[in-house]
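Good morning, and thank you for joining this group meeting. I would like to take you through one structure, beginning with a short question and then moving from strand to strand.

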Amino acid sequence: MYAIRSKGIRVCLTEEGASIADVQVPDRNGRPTHVALSPLPREDGSPDPSLAGRTIAPCCGRVRGGEARIG
C-alpha cells in the first residue's frame, strides 16, 4: 500500500493495478473524512470483477491513434 499526501488530502493505492484503496479529505471542521468508493474485499481472495478503483495503466498514452476498446 502506498500513501500520497498533500495539503490535508491522503490517497492510498495498492500495488495491484494501482487500485484506489482509500481517499481522505478534510471535512468542513478539518477532520479527515473517507470519500473513496472502493470495492469490498472478496471472501475467496479473487479479484473484483468490476475493477472498481483501478487505473488503466500501463497502456495510458501508448495506444496508437489515441483510442482503446474497453470491455
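Is R31 buried or exposed? At 51% relative accessibility, R31 counts as exposed, because the threshold for that class is over 50%. Please keep in mind throughout that we are looking at a predicted model.

R31 also has a partner. Its side chain meets that of D27 in a salt bridge, with 3.6 Å from N to O. D27, for its part, counts as partly exposed, at 26% relative accessibility. We shall return to salt bridges shortly, since the structure holds 2 of them.

Allow me now to turn to the overall arrangement. An open sheet is formed by 4 strands, in the order β1-β2-β3-β4, and the pairing is antiparallel. The edge strands are β1 and β4, the latter covering residues 32-34, and each of these two pairs on one side only. On average, neighbouring strands of this sheet are turned by 20° against each other, with direction ignored.

Let us start at the β1 edge. Strand β1, residues 2-6, is joined to strand β2, residues 9-13, by 5 bridges, and the two run antiparallel. If you wish to trace this pairing on the screen, begin with A3, which stands opposite C12 in β2. I4 has V11 as its bridge partner in β2, and S6 has I9.

What links these two strands? They form a hairpin, with 2 residues between them. K7 is found in this loop between β1 and β2. Its phi is near 50°, which is a positive value in a residue other than glycine. K7 counts as exposed, at 82% relative accessibility.

We move on to the next pairing in the sheet. Here 4 bridges join β2 to β3, and these strands also run antiparallel. V11, which we met a moment ago as the partner of I4, has V23 as its bridge partner in β3.

Between these strands we find the other salt bridge that I wish to show. The side chains of R10 and D22 meet at 3.1 Å, N to O. Why does this pair deserve our attention? R10 lies in strand β2 and D22 in strand β3, so the salt bridge ties together parts that are 12 residues apart in sequence. As to their surroundings, R10 counts as partly exposed, at 24% relative accessibility, whereas D22 counts as buried, at 12%.

D22 leads us to a further residue. The side chain of D22 makes a polar contact with the side chain of Q24, at 3.1 Å. Q24 has its place in strand β3, which spans residues 20-26. Is Q24 buried or exposed? Q24 is buried, because its relative accessible area is 14% and the limit for that class is under 20%.

Which residues does Q24 touch, once its neighbours within four places in sequence are left aside? Q24 is in contact with G8, I9 and R10, and also with P32, T33 and H34. You will recognise R10 from the salt bridge with D22, and I9 as the bridge partner of S6. The residues P32, T33 and H34 bring us to β4, the edge strand at residues 32-34.

With that, we have crossed the sheet in its order, β1-β2-β3-β4. Thank you for your attention.

Notes: Residues are numbered from 1 along each chain as its sequence is written. This is a predicted model: local features need pLDDT of at least 70, side-chain atom pairs count only at pLDDT 80 or more; totals for chains, interfaces and linings use all residues. Side-chain values use heavy atoms; hydrogens and water are left out. Two strands pair if DSSP finds at least two bridges between them. Axes are lines fitted to C-alpha atoms, for helices over the stretch in contact, and angles run from 0 to 180 degrees between N-to-C directions. Buried means under 20% relative accessible area, exposed over 50%, partly exposed in between (1.4 Å probe, protein chains only). A polar contact is a pair of N or O atoms within 3.5 Å; within protein, one must be able to donate a hydrogen and the other to accept it, and residues adjacent in sequence count only if both atoms are side-chain atoms. Contact means heavy atoms within 4.5 Å. A salt bridge is a side-chain nitrogen of Lys or Arg within 4 Å of a carboxyl oxygen of Asp or Glu.
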